[in-house]
Amino acid sequence: MILHRAPFVVPVSRPVIIDGGVLVADDKIIKVGRFKDLNFESAVVCDHPETILTPPLVNCHCHLELAHLAELGQKSGPENFTGWVRELVAIRQEKVDDGLAAAARELAELEDSGVGLLADIGNLPQSAAIGEKSRVRVIFFQEMLGLAQDAARENIRLLAKDSRKNFTAHAPYSCAAVLLKAIKEKARQQRRIFSIHAAESLDEKQFLSDASGPMRDFVEDKGAWDNSFVAPGCGTINYLNRLDILDERTLCVHCVHVSEAEIAIIAAKKAKICLCPGSNKFLGVGKAPVSMILKQGIMPGLGTDSLAGNLHCSIWEEMRILSRQQPDIDPALIFTMATRGGAEALGYKQYGMLEPDNKAAMLAVSFKQGREKEVLEFLTLTGKDIRIRWIR
Ligand SMILES: [Zn+2]
């Protein structure tokens with residue numbers, strides 16, 4: 001048994017422990033508490049001075065295969081959401097590079113920053129291999145698009161053919177209703193998470209309202225419009241609910257343009273939310289109503305989205321942006337989003353908290369100030385310059 005001792009332990013499941021310890025054996029956490037209550041004779045003490053011990057971070061939404069398009073995320077923000085999508089599609093088609101090397105680098109950086117669990121969305125089948133050998137637990141989702149009937153039908157055929165893959169839908173504006181339902185049904189049968197970009201931009205809202213606007217123009221320009229799409233005339237969450245897509249294994253990513261009634265639907269269905277404040281800020285799509293989401297008892301997770309639409313790929317930066325935008329939110333809640341919220345959203349409760357029986361993997365965060373009341377502010381406000389080391 002090893003007893004890791006630090007001036008501060010942040011188990012997430014309970015308040016900060018001063019002069020705390022985490023007792024581990026056989027890759028599992030045995031006990032978490034005050035050092036003096038855990039100091040058994042049989043345990044070897046491993047001291048971590050000037051340190052905060054925390055669970056690993058969880059990144060609930062990322063596109064590793066777009067890492068080689070980071071130049072797009074380094075430009076000044078786009079004029080509007082659909083303009084960015086147009087640029088993304090164009091630059092992606094031009095690239096000869098398959099992006100796998102950049103994706104592997106990004107994953108290594110995420111691991112170095114303390115991410116232990118990651119949801120990775122990709123369109124290319126070969127992207128499934130990016131995280132296979134990583135010590136980060138990567139859940140790969142093969143994303144489908146298909147708004148026109150032919151494209152939807154072809155994807156439904158693929159769904160039936162391959163039972164091993166974890167298929168998911170891109171967005172309600174890029175998938176026909178029949179395809180959304182088919183992908184969700186398959187995920188439901190397999191008891192897997194169904195992740196979807198939801199209520200991200202005003203362009204999406206307009207398209208669902210009456211099939212008009214910049215999104216309609218884009219779809220037509222791409223030759224993906226065939227008149228079969230019937231605008232539901234409501235918000236994204238209402239639409240997904242009407243299609244019977246929301247349940248405890250549905251992860252709604254972004255949720256910027258959601259009404260209070262729609263958040264109530266998400267809460268009632270026990271569906272999950274992933275917030276992406278950095279991407280939302282970069283793309284200028286607005287801010288998610290975080291206080292309203294928390295008020296309805298939902299603990300969201302955090303996601304970086306892709307480097308093509310965000311300046312950074314760092315959950316520490318996501319926390320910092322959210323803390324700056326919403327200073328009224330308790331930093332303990334923001335740190336919970338980055339850990340437990342994300343783990344629960346992805347159905348991996350063994351991550352996200354320092355609790356008995358959970359994996360003995362944790363972060364040692366350098367913290368020299370040493371004052372208890374500053375611990376959570378430090379964790380949520382420092383951003384990517386924070387210094388961490390893995391204990392595992
Ligand atoms: Zn995304």
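1. In which helix is the place of Lys184? In this predicted model, Lys184 sits in helix H6, which covers residues 177-189. With a relative accessible area of 1%, Lys184 is buried. Leaving aside neighbours within four places in sequence, the contacts of Lys184 are Phe194, Asp244, Ile245, Asp247, Arg249 and Thr250.

2. One of those contacts of Lys184, Asp244, deserves a separate remark on its backbone. Asp244 belongs to the loop between helix H9 (236-242) and strand S11 (250-254), and its relative accessibility of 42% places it in the partly exposed class. Although Asp244 is not a glycine, it has a positive phi of about 60°. As background, most residues other than glycine have a negative phi.

3. Helix H6 also holds Ala182. Apart from neighbours within four places in sequence, Ala182 is in contact with Ile156 and Leu159. The C-alpha atom of Ala182 is separated by 26 Å from that of Asn59, a residue 123 positions away along the chain.

4. The metal site is the next matter to review. Which residues coordinate the zinc ion? The donors are His61, His63 and His197, each through NE2, together with Asp305 through OD, at 2.1 to 2.3 Å. Along the sequence these donor residues follow the spacing H-x1-H-x133-H-x107-D. His63 comes from the loop between strand S6 (57-62) and helix H2 (70-74), while Asp305 comes from the loop between strand S13 (301-302) and helix H13 (315-325), so this pair ties together parts that are 242 residues apart in sequence.

5. Why is the arrangement around the zinc ion irregular? The four donor atoms subtend angles of 85 to 163° at the zinc ion, and this range makes the arrangement irregular, because a tetrahedral assignment would require all angles to lie between 85 and 135 degrees. For reference, the ideal angle for four tetrahedral donors is 109.5 degrees.

6. Two of the zinc donors can be described further in terms of burial and backbone. His63 counts as buried at 8% relative accessibility, and Asp305 likewise counts as buried, at 7%. Asp305, which lies in the loop between S13 and H13, has a positive phi of about 55° although it is not a glycine. A colleague checking the site may wish to view this backbone value of Asp305 together with its role as a donor to the zinc ion.

7. Helix H13 is mostly covered, with eight of its eleven residues buried. The buried residues in H13 are Ile315, Trp316, Glu317, Glu318, Met319, Ile321, Leu322 and Ser323. At the start of H13, a side-chain oxygen of Ser314 comes to within 3.2 Å of the backbone nitrogen of Trp316, and Trp316 is itself one of the buried residues just listed.

8. How do helices H7 and H8 pack? Helix H7 (residues 202-210) and helix H8 (residues 214-221) pack at an angle of about 80°, and their axes are 7 Å apart, which makes H7 roughly perpendicular to H8. On the H7 side the contact is made by Asp203, Glu204, Gln206 and Phe207, and on the H8 side by Pro214, Met215 and Arg216.

9. Asp162 is found in the loop between helix H5 (149-161) and strand S9 (167-169). Is this residue buried or exposed? Asp162 has a relative accessible area of 12% and is therefore buried. Its side chain makes a polar contact with the side chain of Lys165, at 3.4 Å. When residues up to four places away in sequence are not counted, Asp162 touches Phe167 and Lys186.

10. The last point concerns Glu372, which lies in the loop between strand S14 (362-366) and helix H15 (375-381). Glu372 is partly exposed, with a relative accessible area of 42%. The C-alpha atoms of Glu372 and Ile17 are separated by 9.0 Å, although the two residues are 355 positions apart along the chain. Leaving aside neighbours within four places in sequence, Glu372 is in contact with Phe8 and Ile18.

Key: Residues numbered from 1 in each chain as written. Predicted model: local features only at pLDDT ≥ 70, side-chain atom pairs only at ≥ 80, totals over all residues. Heavy atoms only, no water. Donors = N, O, S within 2.8 Å, 3.2 Å for Na, K, Ca; no water. Tetrahedral: all angles 85-135°; square planar, octahedral: opposite > 155°, others 65-115°. Helix = DSSP H or I, 4+ residues; strand = E, 2+ residues; numbered from the N terminus. Buried < 20%, exposed > 50% of the residue type's maximum accessible area, 1.4 Å probe, protein only. Polar contact = N/O pair within 3.5 Å; in protein donor to acceptor, adjacent residues only side chain to side chain. Contact = heavy atoms within 4.5 Å. Axes fitted to C-alpha atoms, helices over the stretch in contact; angles between N-to-C directions. Parallel < 35°, antiparallel > 145°, perpendicular 65-115°, else oblique.
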